[in-house]
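Open the model in your viewer and keep the selection box handy. We will go from stop to stop, picking out residues and helices and saying what is found at each one.

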Amino acid sequence: MTNKRSIWKLLFTGVSFGLLVTNCTVKSATDMGDDTSGNTCNTGDKTNGCMCSDKSTGYQVCKSDGVYGSCVCPPGAVSVGGGSAGDAGASNGGGTSYAGTSSTGEAGEGGEGGALMIDPADCTGCLTQLCVPEWAACSAEDENNAPDPEHPDQYCLGSDKNPDTGQIELIMDCITMERASGLVKRDIVRACGSSLGLSADPRFFQWAPMNMTPATEALMNCMADAPDDTIPGDWATAPVNFPAGASPRPWDDGTCAKFSCTSQLTP
């Protein structure tokens, strides 16, 4: 990661403002008359099951009013209805969708009034939008605010004066190096995390490593766990994701790992 902490804070603030604006301008499922009675949720919760035009499964994020928002689909796809249990049942044309951004910052093609704009090459941008509480907890940790005073070198995100020293930065730097060679699979991401960025050797298999802070672990799990996963860290530990003698299972829909954190980076 080469971005400075101040830039990340600006990103986080801008995203938060954008979401507030979006809530005022993009129709939610409730606005469209879908029945969501009895389907309250906690802000930031995610549920999947809504369908997208590319036949993938989208997901929804719980808004501050306790109601799930519109269906979120991968880049280039839009919601086609078929909501999940307890969801908002977004319909085509009113659902939230992802769209990449061009070099000029203009929104690429996506759903009507696309609420969330995800650059397929910008992992940080995805995390600040889909992992809001986890990113906030990570941002609160730096060399001056280490969670464990006895280990001042263990924190999630470096300050402006010491960028690229936090655990999440070291891990993402490791993943970024691997992205130059192609898609980064679960074993490599787990290795970058288990070694805290020192190596991407798949033999590093402990998840989470003992010296990883809870904020770093939570942000990594939010990046990689399926939206409906009830066991944090399953992305790195569940045997189904690492079948014996086979390649790790592909990343799940609705995760930053699939959207923008592990795909090959082109020059």
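Select Leu-196 to begin. With a relative accessible area of 11%, Leu-196 is buried, because the cut-off for that word is under 20%. This is a predicted model, so read each value on this tour as computed from the prediction. Leu-196 sits in the loop between α5 and α6. Its phi is near 50 degrees, which is a positive value in a residue other than glycine.

Now select Gly-197, which is found in the loop between α5 and α6. Is Gly-197 buried or partly exposed? Its relative accessible area is 22%, so Gly-197 counts as partly exposed. Next, show what Gly-197 touches: leaving out residues up to four places away in sequence, the list is Leu-170, Ile-171, Cys-174 and Cys-192. You can also draw a distance line from the C-alpha atom of Gly-197 to that of Met-172. These two residues are 25 residues apart along the chain, and their C-alpha atoms are separated by 7.3 Å.

Go on to Ala-208, in the loop between α5 and α6. Look at the peptide bond that runs from Trp-207 to Ala-208: this bond is cis, with omega near -10 degrees.

Then pick Thr-213, which lies in the loop between α5 (186–194) and α6. Thr-213 has a relative accessible area of 4%, so this residue is buried. Which residues does Thr-213 touch, not counting those up to four places away in sequence? They are Glu-141, Pro-147, Gln-154, Tyr-155, Cys-156 and Gln-167.

From there, select helix α6 itself, residues 214–224. This helix is mostly covered, with eight of its 11 residues buried. To colour the buried ones, choose Ala-215, Thr-216, Leu-219, Met-220, Asn-221, Cys-222, Met-223 and Ala-224.

Keep α6 on screen and look at how other helices pack against it. Two packed helices are described by the angle between their axes and the distance between the axes.

Add helix α4, residues 167–179. The axes of α4 and α6 are 9 Å apart, and the helices pack at an angle of about 40 degrees. That angle makes α4 oblique to α6. The crossing of α4 and α6 is right-handed. To see the contact, show the side chains of Gln-167, Ile-168, Ile-171 and Met-172 on α4, together with Thr-216, Leu-219, Met-220 and Met-223 on α6. Sorted by type, the residues of this contact are six nonpolar, two polar and no charged.

Now swap α4 for helix α3, residues 132–139. How do α3 and α6 cross? Their axes come within 9 Å and cross at roughly 150 degrees. That makes α3 roughly antiparallel to α6. The crossing of α3 and α6 is left-handed. On the α3 side, the contact is made by Glu-134, Trp-135, Ala-137 and Cys-138. On the α6 side, select Ala-215, Ala-218, Leu-219 and Cys-222. The residues of the contact of α3 with α6 divide into seven nonpolar, no polar and one charged.

Next comes the loop between α3 and α4, where you will find Pro-152. At 47% relative accessibility, Pro-152 counts as partly exposed. Leaving aside neighbours within four places in sequence, Pro-152 is in contact with Glu-143 and Ala-146. Try a C-alpha to C-alpha distance from Pro-152 to Asp-142: the two are 10 residues apart in sequence and 8.8 Å apart in space.

Asp-164 is placed in the loop between α3 and α4 too. Its relative accessibility is 25%, so Asp-164 is partly exposed. Check its backbone as well: phi of Asp-164 is near 60 degrees, a positive value in a residue other than glycine.

For the last stop, select helix α2, residues 123–130. How many of its eight residues are buried? The count is eight of eight, and the helix is mostly covered. The buried residues are Cys-123, Thr-124, Gly-125, Cys-126, Leu-127, Thr-128, Gln-129 and Leu-130. Finally, zoom in on the start of α2, where a side-chain oxygen of Asp-122 reaches to within 3.3 Å of the backbone nitrogen of Thr-124.

Notes:
Residues are numbered from 1 along each chain as its sequence is written. This is a predicted model: local features need pLDDT of at least 70, side-chain atom pairs count only at pLDDT 80 or more; totals for chains, interfaces and linings use all residues. Side-chain values use heavy atoms; hydrogens and water are left out. Axes are lines fitted to C-alpha atoms, for helices over the stretch in contact, and angles run from 0 to 180 degrees between N-to-C directions. Helices (H or I, at least four residues) and strands (E, at least two) are DSSP runs, numbered from the N terminus. Angles under 35 degrees count as roughly parallel, over 145 as roughly antiparallel, 65 to 115 as roughly perpendicular and the rest as oblique. A crossing is left-handed if the near helix is turned anticlockwise from the far one by less than a right angle, and right-handed if clockwise. Contact means heavy atoms within 4.5 Å. Ala, Val, Leu, Ile, Met, Phe, Trp, Tyr, Cys and Pro count as nonpolar, Asp, Glu, Lys and Arg as charged, and the others, Gly among them, as polar. Buried means under 20% relative accessible area, exposed over 50%, partly exposed in between (1.4 Å probe, protein chains only). A polar contact is a pair of N or O atoms within 3.5 Å; within protein, one must be able to donate a hydrogen and the other to accept it, and residues adjacent in sequence count only if both atoms are side-chain atoms.
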